[in-house]
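Biologist: Could you take me through one part of this model up close? I'd like the loop with the buried and half-open residues first, and then whatever helps me place it in the rest of the protein.

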Amino acid sequence: MCDTCGCGPEGEAVLRRPGEGSGHNHEHHHHAEGGGHQHLHGENGDGHAHHEVHHHAHEGRAGRKIGMEQDVLRENNLLAERNRGYFEAKHMLVLNFLSSPGSGKTSLLEKTIPALRDVVPVAVIEGDQQTTNDADRIGALGVPVIQVNTGTGCHLDALMINRAVKELEPADNSLLCIENVGNLVCPAMFDLGEALKVVVISVTEGDDKPLKYPYMFHEADVCILNKTDLLPYVEFSAETCRENAMRVGHDIEWFEVSVKTGDGLDQWLDWLKTRLERR
Amino acid sequence: MSVALSIVDAVEEKARLEGAGRISEIELVVGRMAGIQPESLKFCFPAAARGTLAEDAVLLIEEREALGSCADCGSTFPVSFYLVECPRCRSLGVRVVSGDEFLIQSITIEEE
């Protein structure tokens, strides 16, 4: 999926505390541990993609074919499982929040965190291409937060989370909310080690979105329909949207909320509290 | 693009272990439900591979069909989308059971 959008290599991601400008550049631990190979490619991008078909004269010398049978996303998946093991050992519940830009992920967190912080310690990892705006908003709530700026990247990956968690040092028995880069495509492919994927969709977007972005809704465990206070003013059927979501993700948990008015938030919070007890 | 870079990383590591001078061919397997567009991958690959052992490699992509299995009648059939109806009993309780693979099957290396 990602190869459609021209996003850059993961090594460009920068971790920031709220309010930190562009200067604070951590030494880049490109690979978790002992990874010897370096990303020396990728900074090109001036469009030399024109030789799609190579006509190779093998000059009569046969090359040696070596079987690999290796998953392309193996590195990410292995690291995601390491993250998952760390989270489990610390009795943490980790949620990966996903949506298009502007569906209300950060606003949802701004309502969710104050309601839960007396029950459980909360920490947040914010993913955006640029700025610490979201981390500043979450930081204002007084909970630990790290901003991951992905640069040209369009999604968070397991390595970014691994680095961010080392910096964040989340408490045992805590809730960690990861707010992914606003994008309904690529983040669906990259496991971060989370327990649950929470997709947020708003009523200003179109009730066929689950069918347009089926991979995301298929991967999701929870779907939260936001901005329901605007339902009278838009051409959007909550029922149709729910049906569409259920068609591509048969066992999705569905919530309808207005983060602005607080309508429906209790159901979501109650469900989350129950889920926290089970972790 | 980051997917193309992952492929280049993986094949280069393997090729170096095998003492290759360059990689001439890479065989990939992409399931129909893997969420990967082979055309986009082919487009991105040369940029991702520039300056690496895989720079001149030919990318061969085998697309594999996805299979769904009906929870109600148990029949298995090809699918191309998560939203499918069982062709035998019309049930919507269909689980996708294969077709999300995305593998580097093999590489061909030249010793030179």
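Modeller: Here is a walk through one loop of chain A, followed by two helix pairs and a look at both chains. Keep in mind that this is a predicted model.

The loop to look at runs between β8 (222-226) and α7 (238-248) of chain A, and A:Phe236 sits in it. A:Asp229 is also in the loop between β8 and α7. So what sets the two apart in terms of burial? A:Phe236 has a relative accessible area of 9%, and since buried means under 20%, it counts as buried. A:Asp229 comes out at 26%, which makes it partly exposed.

Now for what surrounds A:Phe236. Setting aside its neighbours within four places in sequence, it touches A:Ser202, A:Val203, A:Gly206, A:Asp207, A:Leu225, A:Leu231 and A:Cys241. Take A:Asp207 from that list: it is 29 residues away from A:Phe236 in sequence, yet the two C-alpha atoms are 5.7 Å apart.

A:Asp229 has its own set of partners. Again leaving out neighbours within four places in sequence, A:Asp229 is in contact with A:Ser258, A:Lys260 and A:Thr261. If you want a distance to check on screen, try A:Asp229 to A:Val203: they are 26 residues apart along the chain, and their C-alpha atoms are separated by 8.9 Å. A:Val203 is also one of the residues that A:Phe236 contacts.

Stepping away from the loop, let's turn to the helices of chain A. Helix α2 (residues 105-116) packs with helix α8 (residues 265-277) at an angle of about 55°, and their axes are 11 Å apart. That angle is why α2(A) and α8(A) are described as oblique to each other. The crossing of α2(A) past α8(A) is right-handed. On the α2(A) side, the residues involved are A:Leu108, A:Lys111, A:Thr112, A:Ala115 and A:Leu116. They meet A:Leu265, A:Trp268, A:Leu269, A:Leu272, A:Lys273 and A:Leu276 in α8(A). Sorted by class, that contact has 8 nonpolar, 1 polar and 2 charged residues.

The other pair is helix α1 (residues 74-89) with helix α4 (residues 158-168), also in chain A. Their axes come within 8 Å and cross at roughly 35°, and the crossing is left-handed. From α1(A), A:Asn76, A:Leu79, A:Ala80, A:Arg82, A:Asn83, A:Tyr86 and A:Phe87 take part. Across from them in α4(A) are A:Ala158, A:Leu159, A:Ile161, A:Asn162 and A:Val165. The tally by class is 8 nonpolar, 3 polar and 1 charged.

Zooming out, chain A has 8 helices and 9 strands. Of its 279 residues, 53% are buried; A:Phe236 is buried too. Among the chain A contacts between residues at least 6 apart in sequence, 74% join residues at least 24 apart. Chain A exposes about 12600 Å², with carbon and sulfur atoms supplying 47% of that.

And chain B? Chain B has 2 helices and 6 strands, arranged along the sequence as α-β-α-β-β-β-β-β. Buried residues account for 55% of its 112 residues. For chain B contacts with a separation of 6 or more, 71% are between residues 24 or more positions apart. The exposed area of chain B is about 4800 Å², and 45% of it comes from carbon and sulfur atoms.

Definitions and conventions. Residues are numbered from 1 along each chain as its sequence is written. Chains are lettered from A and ligands numbered from 1 in the order in which they are written. This is a predicted model: local features need pLDDT of at least 70, side-chain atom pairs count only at pLDDT 80 or more; totals for chains, interfaces and linings use all residues. Side-chain values use heavy atoms; hydrogens and water are left out. Axes are lines fitted to C-alpha atoms, for helices over the stretch in contact, and angles run from 0 to 180 degrees between N-to-C directions. Helices (H or I, at least four residues) and strands (E, at least two) are DSSP runs, numbered from the N terminus. A crossing is left-handed if the near helix is turned anticlockwise from the far one by less than a right angle, and right-handed if clockwise. Contact means heavy atoms within 4.5 Å. Ala, Val, Leu, Ile, Met, Phe, Trp, Tyr, Cys and Pro count as nonpolar, Asp, Glu, Lys and Arg as charged, and the others, Gly among them, as polar. Buried means under 20% relative accessible area, exposed over 50%, partly exposed in between (1.4 Å probe, protein chains only). Accessible areas come from the Shrake-Rupley method with a 1.4 Å probe; for residues, only the protein chains shown count as cover. Angles under 35 degrees count as roughly parallel, over 145 as roughly antiparallel, 65 to 115 as roughly perpendicular and the rest as oblique.
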